[in-house]
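Me: I should like to understand the terms used to describe this structure. Please explain the grounds for each one.

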Amino acid sequence: MAEPTIEAGRPEDIEVDEFEPKDIDGSSFADSTSVASSIYQHSYENGRRYHAYKNARYPIPNDDLEQNREDMKHAMMMELTNGKLFFAPIESPTKIIDLGTGTGIWAIEAADQYPSAEVLGVDFTPIQPTWVPQNLKFIVDDIEQDWAYGEQFDLVHLRQIFPVLKNPAKVLEQAFTTLEPGGWIEIQEFGGTAYCDDSSVPKEYSVHTFLDLCQEALSKFGSNFRIGNQLEEPLTKAGFINVSAKKLKVPIGTWPRDKRLRLVGLYFKTILAQLVAPMAAKPFPALGLSKEEIDALVAKVEKDLNNSSYHAYFEYIFWTGQKPE
């Protein structure tokens, strides 16, 4: 069933202090680590820090700015789903694995919500906190290599990681193997395309150009930026049954009338805006674009993202599939 059209709001619908940030004391979240120091080697390009563990692959920075963007994506998702961590039909999972866990925020909330479950978060960069629930463990590994995480998981979770995978088929095959019979996989991905239901977005909307270049640029790294739209066949080929996709609309900006969607839109506009410069700095030059061409595009995208008369949105897709009993 198609998602309903998002009703556009008016400027006067936005409350005066609706988007004013509030300070939070983070001093109680002091961090330390015991992971081998060799893993913390990083390369510095364009003033940002990139992965250098094993073979650097993910063309996005992993410094504090990128980590904040990742956590904002989580906050946006929780607002979008009204607090649901997943849509797979499991009431009380007992063994959960979060692949490409990033900052670990999803895994931490899953461990808190299901205290009797074992939760494992896996990522190839050690940016996760060490003060975590007792039922949660993080390990540093590349999920595109052979797994040694054990079996009998009843939920495999991946979020916003498939567009940078070079071998998604292998990841799905190993996810299938590691699940217990009857277990579920859930993949949460943006579709990578901007839509509009009311013709308010012009044909020359620069975000379209930016997204097309993201697709072209990431293909140079052996990845598929828009794979989030194309996971039914790979899931089925890996052996999963009951494959389905739930799609939710994510507005770009604060144009919706609904307060919750305005906040979602604010998060998402910020996330996209913070993605533009890193993509322009590393992947786009691989396309042969000049600095002047990239700078001009960045300026246009930033302008269009802030135009509240453009009622554009993405689809956020929740793919689920089950391992046969």
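The exchange below takes up some descriptive terms and the values behind them.

Me: What kind of model is this, and how many helices and strands are there in the protein?
Reply: This is a predicted model. The protein has seven helices and 10 strands.

Me: What share of the 325 residues in the protein is buried?
Reply: Buried residues account for 50% of the 325 residues. The accessible surface of the protein is about 16000 Å², and 50% of this surface belongs to carbon and sulfur atoms.

Me: How do you know which contacts in the protein join residues at least 24 apart, and what percentage are they?
Reply: A contact requires heavy atoms within 4.5 Å. Among contacts between residues at least 6 apart in sequence, 73% join residues at least 24 apart.

Me: Why are α4 and α6 called oblique to each other?
Reply: Helix α4 (residues 206–220) and helix α6 (residues 259–281) pack at an angle of about 45°, and their axes are 11 Å apart. Angles under 35 degrees count as roughly parallel, those over 145 as roughly antiparallel, and 65 to 115 as roughly perpendicular, with the rest oblique. An angle of about 45° falls in none of the named ranges, and α4 and α6 are therefore oblique. Their crossing is left-handed.

Me: Which residues make the contact of α4 and α6, and how do they divide into nonpolar, polar and charged?
Reply: Helix α4 contributes Phe210, Cys214 and Leu218, while α6 contributes Leu275, Val276 and Met279. The contact residues divide into six nonpolar, no polar and no charged.

Me: What makes α6 roughly antiparallel to α7?
Reply: Helix α6 and helix α7 (residues 291–305) pack at an angle of about 180°, with axes 10 Å apart. The cut-off for roughly antiparallel is an angle over 145 degrees. The angle of about 180° is over that cut-off, so α6 is roughly antiparallel to α7.

Me: Which residues of α6 and α7 meet, and how do they divide into nonpolar, polar and charged?
Reply: In α6, the residues are Lys269, Leu272, Ala273, Val276 and Ala280, and they meet Ile294, Val298, Val301 and Leu305 in α7. This contact divides into eight nonpolar residues, no polar ones and one charged.

Me: Why is Thr178 called buried?
Reply: Thr178 has a relative accessibility of 3%, and buried means under 20%. Thr178 therefore counts as buried. Thr178 lies in helix α3 (residues 168–178). Leaving aside residues up to four places away in sequence, Thr178 touches Trp147, Gly150, Glu151, Gln152, Phe153 and Val156.

Me: Which residues of α3 are buried, and what covers them?
Reply: The buried residues of α3 are Pro168, Val171, Leu172, Gln174, Ala175, Phe176 and Thr178. Their cover includes β6, β7 (179–190) and α5 (232–237).

Me: How do you know whether Leu158 is buried or exposed?
Reply: Leu158 has 0% relative accessibility, which is set against the limit of under 20% for buried. Leu158 therefore counts as buried. Leu158 is in strand β6 (residues 153–159). Apart from residues up to four places away in sequence, Leu158 touches Leu99, Ile143, Val171, Ile185, Glu186, Ile187 and Gln188. Leu158 and Asp98 are 60 residues apart in sequence, with 5.9 Å from C-alpha to C-alpha.

Me: Why is Cys196 called partly exposed?
Reply: Cys196 has 26% relative accessibility. Buried means under 20% and exposed means over 50%, with partly exposed in between. Cys196 therefore counts as partly exposed. Cys196 is in strand β8 (residues 195–196). The C-alpha atoms of Cys196 and Ala312 are separated by 4.8 Å, and the two residues are 116 residues apart along the chain.

Me: What is noted about phi in Asn82 and Gln152?
Reply: Most residues other than glycine have a negative phi. Phi of Asn82 is near 55°, a positive value in a residue other than glycine. Gln152 is not a glycine either, and has a positive phi of about 65°. Asn82 lies in the loop between α1 (64–80) and β3 (95–99), and Gln152 in the loop between β5 (136–140) and β6.

Me: Why is Asn82 called exposed but Gln152 partly exposed?
Reply: Exposed means over 50% relative accessible area. Asn82 has 60% and is therefore exposed, whereas Gln152 has 42% and is partly exposed.

Note on methods: Residues numbered from 1 in each chain as written. Predicted model: local features only at pLDDT ≥ 70, side-chain atom pairs only at ≥ 80, totals over all residues. Heavy atoms only, no water. Axes fitted to C-alpha atoms, helices over the stretch in contact; angles between N-to-C directions. Helix = DSSP H or I, 4+ residues; strand = E, 2+ residues; numbered from the N terminus. Left-handed = near helix turned anticlockwise from the far one by under 90°. Nonpolar A, V, L, I, M, F, W, Y, C, P; charged D, E, K, R; others polar. Buried < 20%, exposed > 50% of the residue type's maximum accessible area, 1.4 Å probe, protein only. Areas by Shrake-Rupley, 256 points an atom, 1.4 Å probe, with all protein chains shown as cover.
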